[in-house]
Amino acid sequence: MIRTPLTELAGIRHPVVQAAMGYVSGPRLAAATSNAGGLGLIASATMSLDELRDAISETASRTDAPFGVNLRADAPDAAERIGLIIAGRVPVASFAQAPKPELIAALQDAGVITIASVGARRHAEKVAGWGIDAVIATGGEGGGHIGAVPTSLLIPQVAAAVDIPVIAAGGFFDGRGLVAALAYGAAGIAMGTRFLLTSDSPVADAVKQVYLAAGLTGTVVTTRVDGVPHRVLRTTMVDHLERAGRAGQVAGLLRAAGNAAAFRGASGLSWREMLRQGRAMRRDTELTWGQVLMAANTPVLLRAAMVDGRPDLGLMSSGQVTGLIDDLPSCAELIEAIMAEAGRCLDRLAAVRTA
Ligand SMILES: Cc1cc2nc3c(=O)[nH]c(=O)nc-3n(C[C@H](O)[C@H](O)[C@H](O)COP(=O)(O)O)c2cc1C
(Lines give C-alpha, C1' and ligand atoms only; values in the text may rest on other atoms or scores of the structure.)
Protein backbone atom coordinates (compact mmCIF):
# COMPACT_ATOMS: atom_id res chain seq x y z
CA MET A 1 0.00 0.00 0.00
CA ILE A 2 1.19 3.50 -0.75
CA ARG A 3 -0.39 6.26 1.34
CA THR A 4 -0.28 9.81 0.04
CA PRO A 5 -2.19 13.06 0.62
CA LEU A 6 -4.37 12.01 -2.36
CA THR A 7 -5.40 8.63 -0.93
CA GLU A 8 -6.15 10.39 2.37
CA LEU A 9 -8.11 13.21 0.75
CA ALA A 10 -10.26 11.06 -1.53
CA GLY A 11 -10.49 7.99 0.70
CA ILE A 12 -9.14 5.70 -2.01
CA ARG A 13 -6.84 2.67 -1.70
CA HIS A 14 -4.37 3.58 -4.45
CA PRO A 15 -3.09 6.98 -5.68
CA VAL A 16 -4.29 6.35 -9.24
CA VAL A 17 -6.92 8.47 -10.99
CA GLN A 18 -8.69 7.63 -14.26
CA ALA A 19 -8.67 10.96 -16.11
CA ALA A 20 -11.88 12.25 -17.69
CA MET A 21 -12.33 11.31 -21.35
CA GLY A 22 -15.34 12.48 -23.33
CA TYR A 23 -17.46 9.58 -24.67
CA VAL A 24 -15.04 7.13 -23.00
CA SER A 25 -15.15 7.53 -19.23
CA GLY A 26 -18.78 6.79 -18.41
CA PRO A 27 -20.17 4.69 -15.55
CA ARG A 28 -18.56 1.43 -16.67
CA LEU A 29 -14.96 2.67 -16.79
CA ALA A 30 -15.27 5.01 -13.79
CA ALA A 31 -16.84 2.32 -11.59
CA ALA A 32 -14.30 -0.31 -12.70
CA THR A 33 -11.48 2.05 -11.70
CA SER A 34 -13.04 2.92 -8.36
CA ASN A 35 -13.78 -0.75 -7.60
CA ALA A 36 -10.09 -1.45 -8.26
CA GLY A 37 -9.10 1.08 -5.58
CA GLY A 38 -8.41 4.08 -7.85
CA LEU A 39 -10.57 7.14 -8.48
CA GLY A 40 -12.82 6.95 -11.54
CA LEU A 41 -14.01 10.21 -13.13
CA ILE A 42 -17.12 10.48 -15.30
CA ALA A 43 -16.55 12.89 -18.21
CA SER A 44 -19.71 14.99 -18.39
CA ALA A 45 -18.87 17.71 -20.94
CA THR A 46 -20.23 15.52 -23.73
CA MET A 47 -23.34 14.50 -21.75
CA SER A 48 -26.72 16.21 -21.50
CA LEU A 49 -28.07 16.91 -18.01
CA ASP A 50 -30.31 13.83 -18.19
CA GLU A 51 -27.41 11.67 -19.32
CA LEU A 52 -25.31 12.98 -16.43
CA ARG A 53 -28.09 12.24 -13.92
CA ASP A 54 -28.33 8.67 -15.25
CA ALA A 55 -24.54 8.28 -15.33
CA ILE A 56 -24.25 9.30 -11.67
CA SER A 57 -26.89 6.85 -10.51
CA GLU A 58 -25.52 4.03 -12.67
CA THR A 59 -21.98 4.58 -11.35
CA ALA A 60 -23.25 4.67 -7.77
CA SER A 61 -25.07 1.39 -8.40
CA ARG A 62 -21.87 -0.20 -9.76
CA THR A 63 -19.52 0.86 -6.94
CA ASP A 64 -19.52 1.74 -3.26
CA ALA A 65 -16.09 3.33 -3.60
CA PRO A 66 -15.50 7.08 -4.16
CA PHE A 67 -15.82 8.38 -7.74
CA GLY A 68 -16.07 11.79 -9.36
CA VAL A 69 -17.65 13.86 -12.10
CA ASN A 70 -15.56 16.04 -14.40
CA LEU A 71 -17.27 19.13 -15.77
CA ARG A 72 -16.60 22.47 -17.39
CA ALA A 73 -16.90 25.37 -14.96
CA ASP A 74 -17.91 27.59 -17.89
CA ALA A 75 -20.71 25.34 -19.14
CA PRO A 76 -23.95 27.33 -19.45
CA ASP A 77 -25.70 24.79 -17.21
CA ALA A 78 -22.80 24.38 -14.74
CA ALA A 79 -25.09 25.29 -11.80
CA GLU A 80 -27.51 22.47 -12.67
CA ARG A 81 -24.63 20.03 -13.09
CA ILE A 82 -23.29 21.01 -9.66
CA GLY A 83 -26.79 20.48 -8.30
CA LEU A 84 -26.79 16.91 -9.67
CA ILE A 85 -23.37 16.24 -8.14
CA ILE A 86 -24.50 17.44 -4.72
CA ALA A 87 -27.91 15.72 -4.88
CA GLY A 88 -26.28 12.48 -6.06
CA ARG A 89 -23.76 12.66 -3.18
CA VAL A 90 -20.88 12.34 -5.65
CA PRO A 91 -17.68 12.47 -3.55
CA VAL A 92 -15.49 14.39 -6.05
CA ALA A 93 -16.05 17.20 -8.59
CA SER A 94 -13.21 17.78 -11.02
CA PHE A 95 -13.01 20.77 -13.35
CA ALA A 96 -11.50 21.04 -16.80
CA GLN A 97 -10.92 24.76 -16.14
CA ALA A 98 -10.57 26.84 -13.01
CA PRO A 99 -13.85 27.02 -11.08
CA LYS A 100 -14.63 30.33 -9.35
CA PRO A 101 -14.06 30.54 -5.56
CA GLU A 102 -17.85 30.63 -4.86
CA LEU A 103 -18.29 27.38 -6.77
CA ILE A 104 -15.47 25.69 -4.86
CA ALA A 105 -16.94 26.88 -1.55
CA ALA A 106 -20.47 25.72 -2.44
CA LEU A 107 -19.23 22.24 -3.28
CA GLN A 108 -17.03 22.02 -0.21
CA ASP A 109 -19.93 23.14 2.00
CA ALA A 110 -21.86 20.18 0.59
CA GLY A 111 -18.96 17.85 1.41
CA VAL A 112 -17.70 17.47 -2.18
CA ILE A 113 -13.94 17.33 -2.80
CA THR A 114 -12.86 19.74 -5.56
CA ILE A 115 -10.09 19.15 -8.09
CA ALA A 116 -9.03 21.38 -11.01
CA SER A 117 -6.94 20.47 -14.04
CA VAL A 118 -4.02 22.79 -14.75
CA GLY A 119 -1.36 22.97 -17.44
CA ALA A 120 0.81 25.73 -15.96
CA ARG A 121 2.11 26.75 -12.53
CA ARG A 122 0.26 30.05 -12.42
CA HIS A 123 -3.07 28.26 -12.90
CA ALA A 124 -2.24 25.91 -10.03
CA GLU A 125 -1.34 28.85 -7.79
CA LYS A 126 -4.54 30.65 -8.69
CA VAL A 127 -6.90 27.76 -7.87
CA ALA A 128 -4.90 26.83 -4.77
CA GLY A 129 -5.42 30.42 -3.60
CA TRP A 130 -9.14 29.98 -4.16
CA GLY A 131 -9.21 26.97 -1.85
CA ILE A 132 -9.34 24.05 -4.30
CA ASP A 133 -8.58 20.70 -2.61
CA ALA A 134 -6.19 19.28 -5.26
CA VAL A 135 -4.96 19.85 -8.82
CA ILE A 136 -4.33 17.52 -11.74
CA ALA A 137 -1.27 18.93 -13.53
CA THR A 138 -1.11 17.66 -17.11
CA GLY A 139 2.06 17.85 -19.17
CA GLY A 140 2.31 18.31 -22.92
CA GLU A 141 2.71 14.62 -23.75
CA GLY A 142 -0.84 13.95 -22.54
CA GLY A 143 -3.86 13.25 -24.70
CA GLY A 144 -6.59 15.74 -25.60
CA HIS A 145 -6.30 19.50 -25.06
CA ILE A 146 -2.89 20.17 -23.57
CA GLY A 147 -0.37 22.84 -22.62
CA ALA A 148 3.18 23.24 -23.84
CA VAL A 149 5.21 22.20 -20.76
CA PRO A 150 6.30 18.54 -20.57
CA THR A 151 5.27 16.47 -17.54
CA SER A 152 8.86 16.05 -16.28
CA LEU A 153 9.17 19.83 -15.90
CA LEU A 154 5.60 20.77 -14.98
CA ILE A 155 5.16 18.39 -12.04
CA PRO A 156 8.22 19.42 -9.97
CA GLN A 157 7.44 23.06 -10.69
CA VAL A 158 3.76 22.82 -9.64
CA ALA A 159 4.50 20.57 -6.65
CA ALA A 160 6.98 23.13 -5.34
CA ALA A 161 4.54 25.99 -5.87
CA VAL A 162 1.41 24.76 -4.03
CA ASP A 163 0.70 23.06 -0.71
CA ILE A 164 -2.26 20.95 -1.86
CA PRO A 165 -2.02 17.44 -3.39
CA VAL A 166 -0.77 17.52 -6.99
CA ILE A 167 -1.87 14.67 -9.23
CA ALA A 168 0.58 14.19 -12.09
CA ALA A 169 -0.80 13.49 -15.58
CA GLY A 170 0.48 13.15 -19.11
CA GLY A 171 2.40 10.06 -20.17
CA PHE A 172 1.83 7.74 -17.19
CA PHE A 173 1.18 4.03 -17.65
CA ASP A 174 3.07 1.98 -15.05
CA GLY A 175 4.45 1.66 -11.54
CA ARG A 176 7.77 3.29 -12.39
CA GLY A 177 5.88 6.37 -13.52
CA LEU A 178 3.93 6.45 -10.26
CA VAL A 179 7.16 6.36 -8.25
CA ALA A 180 8.71 9.03 -10.48
CA ALA A 181 5.66 11.25 -9.92
CA LEU A 182 5.93 10.75 -6.16
CA ALA A 183 9.64 11.62 -6.37
CA TYR A 184 8.75 14.89 -8.13
CA GLY A 185 6.48 15.76 -5.21
CA ALA A 186 3.14 14.61 -6.63
CA ALA A 187 0.58 12.72 -4.54
CA GLY A 188 -0.47 10.35 -7.31
CA ILE A 189 -1.03 9.98 -11.03
CA ALA A 190 -3.95 10.42 -13.43
CA MET A 191 -4.03 8.48 -16.70
CA GLY A 192 -6.29 8.85 -19.72
CA THR A 193 -4.89 6.87 -22.65
CA ARG A 194 -3.86 3.95 -20.43
CA PHE A 195 -7.44 3.61 -19.10
CA LEU A 196 -8.91 3.95 -22.60
CA LEU A 197 -6.81 0.92 -23.45
CA THR A 198 -8.40 -1.45 -20.92
CA SER A 199 -10.99 -4.16 -21.35
CA ASP A 200 -13.37 -2.09 -19.18
CA SER A 201 -13.26 0.86 -21.59
CA PRO A 202 -16.35 1.02 -23.81
CA VAL A 203 -14.42 2.00 -26.96
CA ALA A 204 -14.79 -0.38 -29.92
CA ASP A 205 -12.04 -2.94 -30.35
CA ALA A 206 -11.28 -1.68 -33.88
CA VAL A 207 -10.47 1.73 -32.41
CA LYS A 208 -8.40 0.28 -29.55
CA GLN A 209 -6.35 -1.64 -32.13
CA VAL A 210 -5.44 1.62 -33.90
CA TYR A 211 -4.13 3.03 -30.62
CA LEU A 212 -2.20 -0.18 -29.87
CA ALA A 213 -0.59 -0.08 -33.31
CA ALA A 214 0.62 3.52 -32.92
CA GLY A 215 4.27 4.15 -32.07
CA LEU A 216 5.78 6.85 -29.86
CA THR A 217 5.64 9.32 -32.74
CA GLY A 218 2.11 8.29 -33.67
CA THR A 219 0.43 11.36 -32.19
CA VAL A 220 0.42 14.98 -33.25
CA VAL A 221 -0.62 18.23 -31.59
CA THR A 222 -2.94 20.04 -33.94
CA THR A 223 -4.80 23.33 -33.72
CA ARG A 224 -6.48 22.62 -37.04
CA VAL A 225 -9.42 20.78 -35.58
CA ASP A 226 -10.86 23.22 -33.09
CA GLY A 227 -8.35 26.05 -32.89
CA VAL A 228 -6.64 25.02 -29.63
CA PRO A 229 -3.72 22.56 -29.19
CA HIS A 230 -5.16 19.06 -29.16
CA ARG A 231 -3.04 15.89 -29.10
CA VAL A 232 -4.57 13.20 -31.30
CA LEU A 233 -3.54 10.06 -33.13
CA ARG A 234 -1.94 10.93 -36.45
CA THR A 235 -4.39 9.76 -39.11
CA THR A 236 -4.86 10.52 -42.79
CA MET A 237 -7.55 13.04 -41.95
CA VAL A 238 -5.41 14.83 -39.35
CA ASP A 239 -2.39 14.84 -41.71
CA HIS A 240 -4.56 16.43 -44.34
CA LEU A 241 -5.74 19.16 -42.01
CA GLU A 242 -2.17 19.75 -40.80
CA ARG A 243 -0.77 20.08 -44.33
CA ALA A 244 -3.46 22.46 -45.46
CA GLY A 245 -2.31 26.08 -45.72
CA ARG A 246 -4.47 29.16 -45.49
CA ALA A 247 -6.46 28.19 -48.56
CA GLY A 248 -6.67 24.72 -47.14
CA GLN A 249 -8.13 26.09 -43.95
CA VAL A 250 -11.22 27.10 -45.88
CA ALA A 251 -11.33 23.68 -47.47
CA GLY A 252 -10.80 22.16 -44.03
CA LEU A 253 -13.68 24.19 -42.72
CA LEU A 254 -15.92 23.07 -45.53
CA ARG A 255 -14.86 19.51 -44.91
CA ALA A 256 -15.55 20.04 -41.21
CA ALA A 257 -19.03 21.21 -42.08
CA GLY A 258 -19.47 18.22 -44.38
CA ASN A 259 -18.31 15.82 -41.69
CA ALA A 260 -20.56 17.48 -39.16
CA ALA A 261 -23.53 17.11 -41.49
CA ALA A 262 -22.66 13.49 -42.22
CA PHE A 263 -22.29 12.59 -38.57
CA ARG A 264 -25.26 14.56 -37.31
CA GLY A 265 -27.61 11.75 -38.23
CA ALA A 266 -25.41 9.07 -36.69
CA SER A 267 -24.88 11.05 -33.51
CA GLY A 268 -28.55 11.93 -33.13
CA LEU A 269 -27.55 15.45 -32.10
CA SER A 270 -29.47 18.48 -33.33
CA TRP A 271 -27.47 21.28 -34.96
CA ARG A 272 -28.32 23.40 -31.95
CA GLU A 273 -26.95 20.82 -29.54
CA MET A 274 -23.86 20.38 -31.73
CA LEU A 275 -23.19 24.08 -31.69
CA ARG A 276 -23.80 24.16 -27.93
CA GLN A 277 -21.24 21.40 -27.45
CA GLY A 278 -18.86 23.09 -29.84
CA ARG A 279 -19.09 26.35 -27.97
CA ALA A 280 -18.60 24.51 -24.70
CA MET A 281 -15.36 23.02 -25.99
CA ARG A 282 -13.89 26.47 -26.50
CA ARG A 283 -12.30 28.40 -23.69
CA ASP A 284 -12.74 31.84 -25.26
CA THR A 285 -16.07 33.50 -25.62
CA GLU A 286 -15.35 35.58 -28.73
CA LEU A 287 -15.59 33.11 -31.60
CA THR A 288 -15.97 33.60 -35.30
CA TRP A 289 -18.63 31.46 -36.89
CA GLY A 290 -15.85 29.51 -38.56
CA GLN A 291 -14.32 28.72 -35.18
CA VAL A 292 -17.67 27.73 -33.75
CA LEU A 293 -18.21 25.44 -36.70
CA MET A 294 -14.81 23.84 -36.20
CA ALA A 295 -15.33 23.49 -32.47
CA ALA A 296 -18.83 22.13 -33.04
CA ASN A 297 -17.30 19.53 -35.27
CA THR A 298 -14.90 18.24 -32.61
CA PRO A 299 -17.36 16.33 -30.42
CA VAL A 300 -18.98 14.95 -33.54
CA LEU A 301 -15.65 13.63 -34.79
CA LEU A 302 -14.67 12.30 -31.35
CA ARG A 303 -18.03 10.57 -31.12
CA ALA A 304 -17.56 8.93 -34.53
CA ALA A 305 -14.47 7.14 -33.20
CA MET A 306 -15.32 6.59 -29.54
CA VAL A 307 -19.02 5.74 -29.81
CA ASP A 308 -19.58 4.70 -33.41
CA GLY A 309 -16.29 2.77 -33.62
CA ARG A 310 -15.10 4.45 -36.85
CA PRO A 311 -11.33 5.10 -36.58
CA ASP A 312 -11.25 5.97 -40.29
CA LEU A 313 -13.67 8.88 -39.93
CA GLY A 314 -13.23 9.98 -36.37
CA LEU A 315 -10.82 11.96 -34.28
CA MET A 316 -8.90 10.05 -31.60
CA SER A 317 -7.45 12.07 -28.73
CA SER A 318 -4.36 10.30 -27.48
CA GLY A 319 -1.31 10.77 -25.30
CA GLN A 320 2.15 9.94 -26.65
CA VAL A 321 2.16 7.08 -24.15
CA THR A 322 0.02 5.09 -26.59
CA GLY A 323 3.35 4.17 -28.21
CA LEU A 324 4.39 2.23 -25.09
CA ILE A 325 1.11 0.38 -24.55
CA ASP A 326 0.47 -3.01 -26.15
CA ASP A 327 -2.16 -4.72 -24.02
CA LEU A 328 -5.76 -4.35 -22.84
CA PRO A 329 -5.88 -5.36 -19.15
CA SER A 330 -8.93 -4.86 -16.94
CA CYS A 331 -8.79 -1.83 -14.63
CA ALA A 332 -8.29 -4.19 -11.68
CA GLU A 333 -5.36 -5.95 -13.40
CA LEU A 334 -3.87 -2.61 -14.45
CA ILE A 335 -3.98 -0.97 -11.03
CA GLU A 336 -2.77 -4.13 -9.31
CA ALA A 337 0.20 -4.34 -11.71
CA ILE A 338 1.02 -0.65 -11.25
CA MET A 339 0.98 -0.93 -7.46
CA ALA A 340 3.07 -4.13 -7.50
CA GLU A 341 5.65 -2.55 -9.81
CA ALA A 342 5.70 0.65 -7.75
CA GLY A 343 6.44 -1.46 -4.66
CA ARG A 344 9.32 -3.25 -6.41
CA CYS A 345 10.62 0.06 -7.68
CA LEU A 346 10.63 1.62 -4.21
CA ASP A 347 12.47 -1.45 -2.84
CA ARG A 348 15.04 -1.19 -5.60
CA LEU A 349 15.60 2.49 -4.89
CA ALA A 350 15.89 1.87 -1.16
CA ALA A 351 18.51 -0.80 -1.89
CA VAL A 352 20.50 1.63 -4.03
CA ARG A 353 20.67 4.01 -1.11
CA THR A 354 21.92 1.50 1.44
CA ALA A 355 24.38 -0.15 -0.95
C1 LIG B 1 -9.66 9.92 -25.68
C2 LIG B 1 -9.44 11.06 -24.73
C3 LIG B 1 -10.49 11.92 -24.45
C4 LIG B 1 -10.32 12.98 -23.56
N5 LIG B 1 -11.39 13.77 -23.25
C6 LIG B 1 -11.26 14.74 -22.30
C7 LIG B 1 -12.39 15.49 -21.88
O8 LIG B 1 -13.52 15.29 -22.35
N9 LIG B 1 -12.22 16.47 -20.94
C10 LIG B 1 -10.98 16.69 -20.37
O11 LIG B 1 -10.87 17.57 -19.51
N12 LIG B 1 -9.88 15.99 -20.76
C13 LIG B 1 -10.00 15.02 -21.69
N14 LIG B 1 -8.90 14.27 -22.05
C15 LIG B 1 -7.60 14.50 -21.37
C16 LIG B 1 -7.45 13.56 -20.15
O17 LIG B 1 -8.35 13.93 -19.12
C18 LIG B 1 -6.02 13.57 -19.56
O19 LIG B 1 -5.64 14.90 -19.29
C20 LIG B 1 -4.98 12.95 -20.48
O21 LIG B 1 -5.47 11.78 -21.07
C22 LIG B 1 -3.70 12.61 -19.70
O23 LIG B 1 -2.69 12.17 -20.56
P24 LIG B 1 -2.42 10.61 -20.92
O25 LIG B 1 -3.41 10.29 -21.99
O26 LIG B 1 -1.01 10.60 -21.37
O27 LIG B 1 -2.66 9.79 -19.69
C28 LIG B 1 -9.06 13.21 -22.96
C29 LIG B 1 -7.99 12.35 -23.26
C30 LIG B 1 -8.16 11.28 -24.12
C31 LIG B 1 -7.00 10.34 -24.41
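The legends below describe close-up views of a predicted model.

**View 1. The whole protein, as a setting for the close-ups.**
The protein is built with 15 helices and 11 strands. It has 355 residues, and 53% of them count as buried. About 15,100 Å² of the protein is exposed, and carbon and sulfur atoms supply 54% of that area. Among contacts between residues at least 6 apart in sequence, 60% join residues at least 24 apart.

**View 2. The ligand and the residues around it.**
There are 19 residues around the ligand, and those that come nearest are Ala 20, Gly 22, Gly 171, Gly 192 and Thr 193. What kinds of residue make up the shell around the ligand? Eight are nonpolar, 11 are polar and none is charged. Three glycines place a backbone N or O atom by an oxygen atom of the ligand: for Gly 171 the distance is 2.8 Å, for Gly 143 it is 3.3 Å, and for Gly 192 it is 2.8 Å. On its own the ligand has 600 Å² of accessible area, and the protein covers 85% of this.

**View 3. Ser 318, a buried residue in a loop.**
Ser 318 sits in the loop that runs between helix H14 (289-306) and helix H15 (331-354). Is Ser 318 buried or exposed? Its relative accessible area is 0%, so Ser 318 is buried. Leaving out residues up to four places away in sequence, Ser 318 touches Gly 142, Gly 143 and Gly 144, together with Thr 193, Tyr 211, Thr 219, Arg 231, Val 232 and Leu 233. Two of these names also appear in the view of the ligand: Gly 143 has a backbone N or O atom 3.3 Å from an oxygen atom of the ligand, and Thr 193 is among the residues that come nearest to the ligand.

**View 4. Ala 137 in strand S6.**
Ala 137 belongs to strand S6 (residues 134-138). Ala 137 counts as buried because its relative accessibility is 0%, under the 20% limit. Apart from neighbours within four places in sequence, Ala 137 is in contact with Val 118, Leu 154, Ile 155, Val 158, Val 166, Ile 167, Ala 168 and Ala 169. Ala 116 is 21 residues from Ala 137 along the chain, and their C-alpha atoms are separated by 8.5 Å.

**View 5. Salt bridges.**
Side chains of opposite charge can pair when their charged atoms come close. The structure holds 11 salt bridges. One of them joins the side chains of Arg 3 and Glu 8, with 3.0 Å from N to O; Arg 3 is exposed, at 70% relative accessibility. Another joins Arg 72 and Asp 74, also with an N to O distance of 3.0 Å. In this pair Arg 72 is buried, with a relative accessible area of 10%, whereas Asp 74 is partly exposed at 39%. Elsewhere, Asp 174, Arg 176 and Glu 341 are linked in a network of salt bridges.

**View 6. Helix H6, with a salt bridge and a glycine.**
Helix H6 covers residues 121-129 and contains both Arg 121 and Glu 125. These two residues are four apart, about one turn of the helix, and their side chains meet in a salt bridge of 3.9 Å, N to O. Arg 121 is partly exposed, with 38% relative accessibility, and Glu 125 is partly exposed at 38%. Gly 129 is also found in helix H6, and with a relative accessible area of 63% Gly 129 is exposed. From Gly 129 to Asp 163 the C-alpha distance is 10.0 Å, and the two residues are 34 apart in sequence.

**View 7. Two loop residues with positive phi.**
Most residues other than glycine have a negative phi. Tyr 23 has a positive phi, near 70°. Tyr 23 lies in the loop between strand S1 (16-18) and helix H2 (27-35), and it is buried, with a relative accessible area of 14%. Arg 89 is not a glycine either, and its phi is positive at about 50°. The loop that holds Arg 89 lies between helix H4 (78-87) and strand S4 (92-95). Which state does Arg 89 have, buried or exposed? The relative accessible area of Arg 89 is 74%, so this residue is exposed.

How values were computed. Residues are numbered from 1 along each chain as its sequence is written. This is a predicted model: local features need pLDDT of at least 70, side-chain atom pairs count only at pLDDT 80 or more; totals for chains, interfaces and linings use all residues. Side-chain values use heavy atoms; hydrogens and water are left out. A residue is near a molecule or strand if one of its heavy atoms lies within 4 Å of it. A polar contact is a pair of N or O atoms within 3.5 Å; within protein, one must be able to donate a hydrogen and the other to accept it, and residues adjacent in sequence count only if both atoms are side-chain atoms. Accessible areas come from the Shrake-Rupley method with a 1.4 Å probe; for residues, only the protein chains shown count as cover. Ala, Val, Leu, Ile, Met, Phe, Trp, Tyr, Cys and Pro count as nonpolar, Asp, Glu, Lys and Arg as charged, and the others, Gly among them, as polar. Buried means under 20% relative accessible area, exposed over 50%, partly exposed in between (1.4 Å probe, protein chains only). Contact means heavy atoms within 4.5 Å. A salt bridge is a side-chain nitrogen of Lys or Arg within 4 Å of a carboxyl oxygen of Asp or Glu.
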